[in-house]
Amino acid sequence: MIKTMMKQLLNAIQSDVTPEQVSGAVNAYLDSWRNGDSEARAALFSDNARVEDPVGVPAIEGKPALLAFWQRAAAFPTKFTPTLESIVVCGNEAIVHFSMHIEVVGAAQGTLQIIENFKLDKTGKIAGLRAFWDEKSVS
């Protein structure tokens with residue numbers, strides 16, 4: 001009975017995009033990190049996207065600013081390896097838990113546990129991303 005009630009509630013969600021589009025955008029985002037492709041990552045975002053990474057620092061707004069931010073990070077010999085832990089899609093949004101293994105070639109490495117909230121616009125582009133992580137998230 002509870003499962004039926006929850007399914008009815010979920011069926012009432014209105015969205016301009018499908019759950020598959022949301023999941024696809026999340027997976028393409030993670031692939032862009034895995035492939036070291038800032039251009040592909042930026043292409044997933046709307047022109048006026050807003051990113052808070054982590055939540056609480058000044059937001060980065062607009063695709064050009066995002067691309068510049070990611071290109072600065074890519075200037076270091078760093079390899080990023082994300083591993084998707086879980087994804088929950090509701091309407092045009094997703095909550096995503098993933099681990100990001102970070103290796104600064106020849107220097108250091110570690111893993112960051114990240115929770116991100118993705119919000120897609122009606123065209124399927126990422127319009128907002130909020131990353132949640134803190135000092136306890138790093139190992």
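How much area does the protein expose, and what share of it do carbon and sulfur atoms supply? I looked that up first: about 8500 Å² is exposed, with 58% from carbon and sulfur atoms. The areas come from the Shrake-Rupley method with a 1.4 Å probe, and for residues only the protein chains shown count as cover.

Note to self: this is a predicted model, where local features need pLDDT of at least 70, side-chain atom pairs count only at pLDDT 80 or more, and totals for chains, interfaces and linings use all residues. Residues are numbered from 1 along each chain as its sequence is written, and side-chain values use heavy atoms, leaving out hydrogens and water.

Next, the fold. I found four helices and six strands, in the order α-α-α-β-β-α-β-β-β-β from the N terminus. Helices (H or I, at least four residues) and strands (E, at least two) are DSSP runs, numbered from the N terminus.

Then I checked burial. I got 32% of the 139 residues as buried, meaning under 20% relative accessible area (exposed is over 50%, partly exposed in between; 1.4 Å probe, protein chains only).

Last, I picked Glu116, which sits in strand β5 (residues 108-120). Is Glu116 buried or exposed? I found Glu116 buried, yet without a salt bridge. That would take a side-chain nitrogen of Lys or Arg within 4 Å of a carboxyl oxygen of Asp or Glu. The nearest side chain of opposite charge is Arg41, 9.0 Å away; Lys and Arg count as positive, Asp and Glu as negative, with His and the chain ends not counted. Beyond four places in sequence, the contacts of Glu116 include Tyr29, Phe98 and Leu129, where contact means heavy atoms within 4.5 Å.
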